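Please read the following report alongside the sequence and the three-dimensional structure. It goes through a set of local features one after another.

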Amino acid sequence: PYEHTIGTGGGHTRYAPGVTAVKIIDPVVLFAYVGYQVSESRRFEMTEDETTKVEPGDSFRLRIGGSFYLNPKIRVSLFTATDIQGKTKLDGEKVRGTGGNAVRFGSGLDWMVTQRVSTNFNAVFGTSDRTPDAVLTAGVTYRFR
């Protein structure tokens, strides 16, 4: 809702305390996360002599899912994630169209190549207009211990 010269991120410090519960029913792992993200307000220069106080909306977060181990080296995961975002305020006035829900469904595949190296592939699909249609990721993890 505003322009600024910051190259990455939103320019606001955010804190996201939460609680995760895990239940293991071999070979299935169920998990749930509940959290709340608080965003600090900040003043931005709009023109040479005008500043605007920007207060991003806080958000409630919920993640629920499970993983299934096909064997000791391969794991498949499914989850759903929801963020309920509050409206952004500019100088105390709510900005229309800034709040809303972001709902995503995702799946992943992890393969433990060696004791220290694993690969992972993830696909996350947005189901609301506030989320990307699809995000595909691939990665490699190396454990130093």
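The report below covers salt bridges, a surface patch, an aromatic pair, one buried threonine and some points of backbone geometry.

The model is a predicted one, and the values given here are computed from it.

## Salt bridges

The structure holds five salt bridges. Three of them are set out in the table, each with the closest distance between nitrogen and oxygen.

| Salt bridge | Closest N to O distance |
|---|---|
| Arg43 and Asp91 | 4.0 Å |
| Arg61 and Asp83 | 3.9 Å |
| Arg104 and Asp83 | 3.5 Å |

The salt bridge of Arg43 with Asp91, at 4.0 Å, links distant parts of the chain, with Arg43 in strand β4 and Asp91 in the loop between β8 (89-90) and β9, 48 residues apart. Asp91 counts as partly exposed, because its relative accessibility is 44%.

Asp83 takes part in a salt bridge with Arg61 and also in one with Arg104. In the pair of Arg61 and Asp83, whose side chains meet at 3.9 Å from N to O, Arg61 belongs to strand β6 (residues 59-71) and Asp83 to strand β7 (residues 74-85), so that distant parts of the chain, 22 residues apart, are linked. In the pair of Arg104 and Asp83, with the closest N and O atoms 3.5 Å apart, strand β10 supplies Arg104 and strand β7 supplies Asp83, and the two residues are 21 residues apart along the chain. Salt bridges that share partners join Arg61, Arg63, Asp83 and Arg104 into one network.

Are Asp83 and Arg104, two members of this network, buried or exposed? Asp83 has a relative accessibility of 11% and therefore counts as buried, and Arg104, at 17% relative accessibility, counts as buried as well.

## Thr98 and its surroundings

Thr98 lies in the loop between β9 (93-94) and β10 (100-112). Because its relative accessibility is 17%, which falls under the 20% limit for a buried residue, Thr98 counts as buried. The side chain of Thr98 reaches two backbone atoms: the nitrogen of Thr88 at 2.9 Å and the oxygen of Val95 at 2.7 Å. When residues up to four places away in sequence are left out, the residues that Thr98 touches are Gln85, Gly86, Lys87, Thr88 and Arg130. Thr88 thus appears both among these contacts and as the residue whose backbone nitrogen the Thr98 side chain reaches.

## Nonpolar surface patch

Tyr15, Val34, Tyr36, Val38, Phe60 and Ile84 make a nonpolar surface patch of about 510 Å². Which strand gives the largest share of this patch? The largest share, three residues, comes from strand β3 (residues 28-39). Another member of the patch, Tyr15, has its place in strand β1 (residues 14-15). Tyr15 is described as partly exposed because its relative accessible area is 44%.

## Aromatic pair

A pair of aromatic rings is described by the distance of the centres and the angle of the planes. The count of aromatic pairs in this structure comes to one. The rings of Tyr142 and Phe144 have centres 5.0 Å apart and planes at 80°, so the pair is edge-to-face. The two residues fall into separate accessibility classes: Tyr142 is partly exposed, with a relative accessible area of 44%, whereas Phe144 counts as exposed at 73% relative accessibility.

## Backbone geometry and a pair across the chain

Most residues other than glycine have a negative phi, and most peptide bonds are trans. Against that background, the peptide bond from Asp26 to Pro27 is cis, with omega near 15°. Pro27 lies in the loop between β2 (18-25) and β3. Asp91, already described as the salt-bridge partner of Arg43, has a phi near 50°, a positive value in a residue other than glycine. The position of Asp91 is in the loop between β8 and β9.

Arg42 is found in strand β4 (residues 42-47), the strand that also holds Arg43. At 37% relative accessibility, Arg42 counts as partly exposed. The C-alpha atom of Arg42 is separated by 6.9 Å from that of His12, although the two residues are 30 residues apart along the chain.

Terms used
Residues are numbered from 1 along each chain as its sequence is written. This is a predicted model: local features need pLDDT of at least 70, side-chain atom pairs count only at pLDDT 80 or more; totals for chains, interfaces and linings use all residues. Side-chain values use heavy atoms; hydrogens and water are left out. Helices (H or I, at least four residues) and strands (E, at least two) are DSSP runs, numbered from the N terminus. Buried means under 20% relative accessible area, exposed over 50%, partly exposed in between (1.4 Å probe, protein chains only). A polar contact is a pair of N or O atoms within 3.5 Å; within protein, one must be able to donate a hydrogen and the other to accept it, and residues adjacent in sequence count only if both atoms are side-chain atoms. Contact means heavy atoms within 4.5 Å. Patches are made of residues with over 30% relative accessible area and no salt bridge: like charges are joined within 9 Å, nonpolar side chains (Val, Leu, Ile, Met, Phe, Trp, Tyr) within 5 Å. Accessible areas come from the Shrake-Rupley method with a 1.4 Å probe; for residues, only the protein chains shown count as cover. Rings of Phe, Tyr and Trp (its six-membered ring) pair if their centres lie within 6.5 Å; planes under 30 degrees apart count as stacked, over 60 as edge-to-face and the rest as tilted.
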